[in-house]
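Me: Could you take a close look at a single part of this structure and then follow its surroundings outward? Please explain each term as it arises, as I am new to the subject.

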Amino acid sequence: MAPGLPDPKEIEELLLGGELRYTRVDAVRLSGVSREFSGRIWRAFGYPTMPDDAVAYTEGDVDALCRMRRLVEDGVLDEEGVIRLVRAFGQTMTRLAEWQVSLLRSMISEDPNESPSADSVNAIVGIAESHIGEFEPLVLHAWRRQLASAGTRALAAAATRENGDSTGRPMTTVGFADMVSFTQVSRELNEIELARVVEWFEESTSDIIAACGGRVVKTLGDEVLFSAESPRVGAEIALTVAAAIQDETEVPDVRVGVAHGPILPLMGDVFGTTVNLAARLTALARPGSVVIDAELAAELEKVPDYEVTRIVRRPVQGLGIIQPYVLRRSPKPPDAGPAGPVSTPS
């Protein structure tokens with residue numbers, strides 16, 4: 001161990017919230033799950049396979065195995081369902097943990113291209129030791145908030161089915177916002193500058209989507225996929241994002257494609273023809289503009305805040321000939337207030 005650095009085992013036990021006291025064999029015996037099932041659980045969490053005689057597990061690990069065993073015994077989930085649930089937690093928390101460590105490093109002015117110094121490691125450990133008890137409830141709070149939102153969307157889908165839609169798939173507005181010429185920009189900027197551009201883009205779009213009442217489905221560096229339960233919210237997100245990014249001179253403009261129709265929500269993502277159509281519309285949009293499909297255009301044509309203009313029909317891969325429309329805000333009289341119900345976050 002390098003001089004000045006804390007003991008790795010002490011740090012691991014601090015962050016795990018308990019002493020490393022059990023081997024894999026012990027954990028299997030105490031939890032009552034099979035060796036095979038425990039191995040699948042650890043892999044789904046993203047943990048490395050440990051030798052049978054390695055003391056690498058805490059009381060918390062044993063308790064987690066017990067909880068998952070009870071979910072199966074009580075008939076809440078079968079083993080495959082437990083593995084899928086654990087994999088979702090593992091993948092989500094992996095990114096969250098890396099993000100948190102990067103954030104703490106940036107707070108103490110670390111260069112992300114260099115290995116952290118002993119002083120910075122000790123500073124991060126000190127923050128964790130003093131405040132980890134405050135961070136943990138925030139994770140649980142955010143999860144409950146998102147669970148409540150997801151539950152509400154599931155109820156809406158059930159209501160749609162009860163009202164006669166045999167597919168049970170809710171009509172949803174989905175859109176892609178894509179930074180223009182990102183490949184060229186990535187060649188012109190160094191890694192730190194590029195990371196800042198991507199971070200600003202993700203933060204700005206996420207803030208706007210949340211403020212308007214939509215949901216960020218996923219971000220892919222230079223692209224964000226969002227969804228909204230109503231056509232008007234989806235339109236407002238699209239126009240606000242396009243305008244906000246256009247006002248930022250150091251960031252490339254975005255083009256936005258939006259479609260309205262049935263989707264298949266699965267494992268936090270969305271799938272279906274409506275999503276594919278939104279992606280194709282994005283490719284048709286000019287920098288700073290919003291292009292929508294005929295279904296969304298029909299929903300918005302009588303809304304006074306928006307102006308829908310039909311453009312030339314286009315062939316797109318996998319979907320044949322489509323009829324796109326350009327979406328703009330309606331011109332306002334000089335004495336009118338700000339257009340739309342949502343203002344761009346500062």
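Reply:
**A close look at Ser181**

Ser181 counts as partly exposed, because its relative accessibility is 41%; buried means under 20% relative accessible area, exposed over 50%, and partly exposed in between, with a 1.4 Å probe and protein chains only. The model is predicted, so local features need pLDDT of at least 70 and side-chain atom pairs pLDDT 80 or more, whereas totals for chains, interfaces and linings use all residues. Residues are numbered from 1 along each chain as its sequence is written, and side-chain values use heavy atoms, without hydrogens and water.

The place of Ser181 is the loop between β1 (171–179) and α7 (182–188); helices (H or I, at least four residues) and strands (E, at least two) are DSSP runs, numbered from the N terminus. The backbone of Ser181 has a phi near 55 degrees, a positive value in a residue other than glycine. Gly46, which comes just after α3, also takes a positive phi, of about 95 degrees.

The loop on the other side of β1, between α6 (118–162) and β1, holds Pro170. Pro170 is buried, because its relative accessible area is 16%. Along the chain, Pro170 and Leu264 are 94 residues apart, yet their C-alpha atoms are separated by 8.4 Å.

From β1 the view can move to strand β3 (residues 223–228), where Ser227 is found. Ser227 has a relative accessible area of 7% and is therefore buried. Apart from residues up to four places away in sequence, Ser227 touches Thr172, Thr173, Val174, Gly214, Arg215 and Val217, where contact means heavy atoms within 4.5 Å.

Thr173 also appears among the contacts of Leu296, together with Pro231, Val258 and His260, once neighbours within four places in sequence are left aside. Leu296 belongs to helix α11 (residues 294–300). With a relative accessible area of 0%, Leu296 is therefore buried. Measuring C-alpha to C-alpha, Leu296 and Val308 lie 9.6 Å apart in space, while twelve residues separate them in sequence.

Another buried residue is Thr205, since its relative accessible area is 1%. Thr205 sits in helix α8 (residues 191–212). Its contacts, setting aside neighbours within four places in sequence, are Val224 and Val241.

**The helices earlier in the chain**

A different region gives examples of helix packing. Two packed helices are described by the angle between their axes and the distance between the axes. Axes are lines fitted to C-alpha atoms, for helices over the stretch in contact, and angles run from 0 to 180 degrees between N-to-C directions.

The axes of α3 (residues 35–45) and α5 (residues 79–107) come within 7 Å and cross at roughly 30 degrees. These two helices are therefore roughly parallel to each other; angles under 35 degrees count as roughly parallel, over 145 as roughly antiparallel, 65 to 115 as roughly perpendicular and the rest as oblique. On the α3 side, the contact is made by Phe37, Arg40, Ile41, Ala44 and Phe45. The α5 side supplies Glu79, Glu80, Val82, Ile83, Val86, Arg87, Phe89 and Gly90.

Within α3, the buried residues are Phe37, Ser38, Gly39, Ile41, Trp42, Ala44 and Phe45. Their cover includes α2 (24–31), α4 and α5.

Helix α4 (residues 59–73) packs against α5 as well, at an angle of about 140 degrees and with the axes 9 Å apart. The pair of α4 and α5 is therefore oblique. In this packing, Met68, Leu71 and Val72 in α4 meet Glu79, Val82 and Val86 in α5.

Farther along α5 lies Arg105. Arg105 is buried because its relative accessible area is 18%. Between Arg105 and Ser120 there are 7.2 Å in space, C-alpha to C-alpha, for a separation of 15 residues in sequence.

**The whole chain**

These parts belong to a chain with eleven helices and eleven strands. The chain has 346 residues, of which 35% count as buried. Among its contacts with a separation of 6 or more, 64% come from residues 24 or more positions apart. The pair of Pro170 and Leu264, 94 residues apart along the chain, was described above for its C-alpha separation of 8.4 Å. Ser181, where this account began, remains a partly exposed residue at 41% relative accessibility, in the loop between β1 and α7.
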